[in-house]
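Work through the exercises below with the structure in view. Each task is followed by a solution in steps.

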Amino acid sequence: QVQLVESGGGLVQAGGSLRLSCAASGRAFGAYPMGWFRQAPGKEREFVGRINRSGDTTAYADSVKGRFTISRDNAKMMLYLQMNNLKPEDTATYYCAARSLASVQYNYWGQGAQVTVSS
């Protein structure tokens with residue numbers, strides 16, 4: 001198993017930047033493909049992006065493509081989400097997630113970090 005804890009959320013003005021971090025503990029972090037998701041009030045959770053185990057392949061939702069960047073440091077057991085040019089519609093609780101290779105869905109989740117973008 002792996003335990004995940006997000007940090008780095010906060011309040012930022014539109015056009016600003018934030019970097020979320022996700023600290024992992026437990027089994028080998030590098031064994032897990034990782035993803036970021038978000039959930040705004042009154043809306044369903046949505047996919048933000050994902051990164052493969054080695055960190056050399058990423059994919060993003062169209063809504064964040066070109067503005068957000070996912071990276072990981074397997075030696076430090078850390079996952080990151082760099083968010084630039086933030087918009088009010090990016091306001092949400094952001095979750096990091098890990099997917100064991102035996103699973104087709106993400107099966108380990110952090111507690112979430114709040115990001116609020118003011119206009």
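**Exercise 1: Contacts of R38**

In this predicted model, a polar contact of 2.9 Å links the side chain of R38 to the side chain of Y94. Find where R38 lies, which other side chain it meets in a polar contact, and whether R38 is buried or exposed.

Solution.
- Step 1. R38 belongs to strand β4, which covers residues 34-39.
- Step 2. The side chains of R38 and E46 are joined by a polar contact of 2.5 Å.
- Step 3. The relative accessibility of R38 is 6%. Buried means under 20%, so R38 counts as buried.
- Step 4. Beyond four places in sequence, the residues that R38 touches include E44, V48, F68, D90 and T93.

**Exercise 2: From R38 to T93**

Locate T93 and name the partner of its side chain in a polar contact.

Solution.
- Step 1. T93 sits in strand β9, residues 92-98.
- Step 2. Its side chain makes a polar contact of 2.9 Å with the side chain of Q114.
- Step 3. With neighbours within four places in sequence set aside, T93 is in contact with F37, R38, Q39, G112, A113 and Q114.

**Exercise 3: An open sheet**

Give the strand order of the four-stranded open sheet and explain why β1 and β7 each have one side without a neighbour.

Solution.
- Step 1. The order is β1-β3-β8-β7, with antiparallel pairing.
- Step 2. β1 (2-7) and β7 (68-73) are at the edges with a single partner strand each, so one side of each has no neighbour in the sheet.
- Step 3. On average, neighbouring strands here are turned by 15 degrees against each other, direction ignored.
- Step 4. β1 pairs with β3 (residues 18-26) through six bridges in the antiparallel sense. E6 has C22 in β3 as its bridge partner.

Terms used. Residues numbered from 1 in each chain as written. Predicted model: local features only at pLDDT ≥ 70, side-chain atom pairs only at ≥ 80, totals over all residues. Heavy atoms only, no water. Pairing = 2+ DSSP bridges. Helix = DSSP H or I, 4+ residues; strand = E, 2+ residues; numbered from the N terminus. Axes fitted to C-alpha atoms, helices over the stretch in contact; angles between N-to-C directions. Polar contact = N/O pair within 3.5 Å; in protein donor to acceptor, adjacent residues only side chain to side chain. Contact = heavy atoms within 4.5 Å. Buried < 20%, exposed > 50% of the residue type's maximum accessible area, 1.4 Å probe, protein only.
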